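Dear colleague,

Here is the structure I said I would pass on. My notes on it follow below.

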Amino acid sequence: MAEKKTVITLVCERAADLNDLLDSQGNITDMSDVHVVKFPCSGMIQPLMIEAALKAGASGVIVCGCQIGDCYYREGNKMIKERLLGERPPGLKKTVDRRRVIALWLSRMQKQRFISEAKEFVYRMQALDIAEAAVPKTEPTKAAPPSP
């Protein structure tokens, strides 16, 4: 069985209110495999942060900002949305597995929707991890030395 990996959540502190769900380490108490990192605005989230989390071994990344059109800082959520879609630089590198990144645009009151979406995403990441672990890794073949 594949090792249980963490899903990193990069969340605007004014989006879905997750404060009462977090333990002292920033993990969601009912979903210990989901770690939350809060930002003043989702516009501060850079694609490089998502890439770094995945490279460090995270199973997936959830980006969560305010509802589009309702950003406390005017357009932060629009900026990260455009970066994730590749419509604004800097964007995600082409090598990033897009199946491992989701974006949620939620109001403070949509905590239950966040929980539901996060549980579904964790389930999908676990299935993807298991499927990828089952595929044998092949070594690149070395060219045979030239014959004399």
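To begin with the second helix: the buried residues of H2 are Gly76, Asn77, Ile80, Glu82, Arg83 and Leu84, and they pack against H1, S4 and S5. Please keep in mind throughout that this is a predicted model.

Just after H2 comes Gly86, with a positive phi of about 80 degrees.

The overall picture

The protein chain contains 3 helices and 5 strands. Their order along the sequence is β-β-β-α-β-α-β-α. The C-alpha trace spans about 75 × 35 × 20 Å along its principal axes. Of the 148 residues in the protein chain, 41% are buried. Taking contacts between residues at least 6 apart in sequence, 74% join residues at least 24 apart.

The accessible surface of the protein chain is about 9300 Å², and carbon and sulfur atoms account for 54% of that area. As for charge, there are 22 positive and 18 negative side chains, with the centres of the two sets 5 Å apart.

Helix H1

H1 covers residues 47–55, and its buried residues are Pro47, Ile50, Glu51, Ala53 and Leu54. These residues lie on the same side of H1, because the arc they cover around the axis is only 160 degrees. Leu48 and Lys55, on the other side of H1, are exposed.

What lies over the buried residues of H1? The cover includes strand S1 (7–12), strand S4 (60–65), helix H2 (76–84) and strand S5 (101–105). The packing of H2 against H1, noted at the start, is the same contact seen from the H2 side. After H1 comes Gly57, which has a positive phi near 115 degrees.

Strand pairing

S1 and strand S3 (residues 31–39) run parallel and are joined by 6 bridges. Within this pair, Leu10 has Val37 in S3 as its bridge partner.

S3 also pairs with strand S2 (residues 27–28), here in the antiparallel sense and over 2 bridges. Ile28 stands opposite Met31 in S3. The connection from S2 to S3 is a hairpin through 2 residues.

Ser42 and Gly76

These two residues touch each other, so I take them together.

Ser42 sits in the loop between S3 and H1. Is Ser42 buried or exposed? Its relative accessibility is 1%, so Ser42 counts as buried. Leaving aside neighbours within four places in sequence, the contacts of Ser42 are Cys12, Cys64, Gly65, Gly76, Asn77, Ile80 and Trp105. Among these, Asn77 and Ile80 are also listed with the buried residues of H2.

Gly76 belongs to helix H2. With a relative accessibility of 4%, Gly76 also counts as buried. Not counting residues up to four places away in sequence, Gly76 touches Cys41, Ser42, Gly43 and Cys71. For a sense of distance along the chain, Gly76 and Leu128 are 52 residues apart in sequence, and their C-alpha atoms are 31 Å apart in space.

Backbone points to check

Most residues other than glycine have a negative phi, and most peptide bonds are trans. Two places in the model depart from this, and I list them for your attention.

- Arg74, in the loop between S4 and H2, has a positive phi near 80 degrees although this residue is not a glycine. Arg74 is exposed, with a relative accessible area of 71%.
- The peptide bond from Pro89 to Pro90 is cis, and its omega is near -5 degrees. Pro90 lies in the loop between H2 and S5.

Regards

Terms used
Residues are numbered from 1 along each chain as its sequence is written. This is a predicted model: local features need pLDDT of at least 70, side-chain atom pairs count only at pLDDT 80 or more; totals for chains, interfaces and linings use all residues. Side-chain values use heavy atoms; hydrogens and water are left out. Buried means under 20% relative accessible area, exposed over 50%, partly exposed in between (1.4 Å probe, protein chains only). Helices (H or I, at least four residues) and strands (E, at least two) are DSSP runs, numbered from the N terminus. The arc is that of the directions from the helix axis to the C-beta atoms. Contact means heavy atoms within 4.5 Å. Accessible areas come from the Shrake-Rupley method with a 1.4 Å probe; for residues, only the protein chains shown count as cover. Lys and Arg count as positive and Asp and Glu as negative; His and the chain ends are not counted. The place of a charge is taken as NZ of Lys, CZ of Arg, CG of Asp or CD of Glu. Two strands pair if DSSP finds at least two bridges between them.
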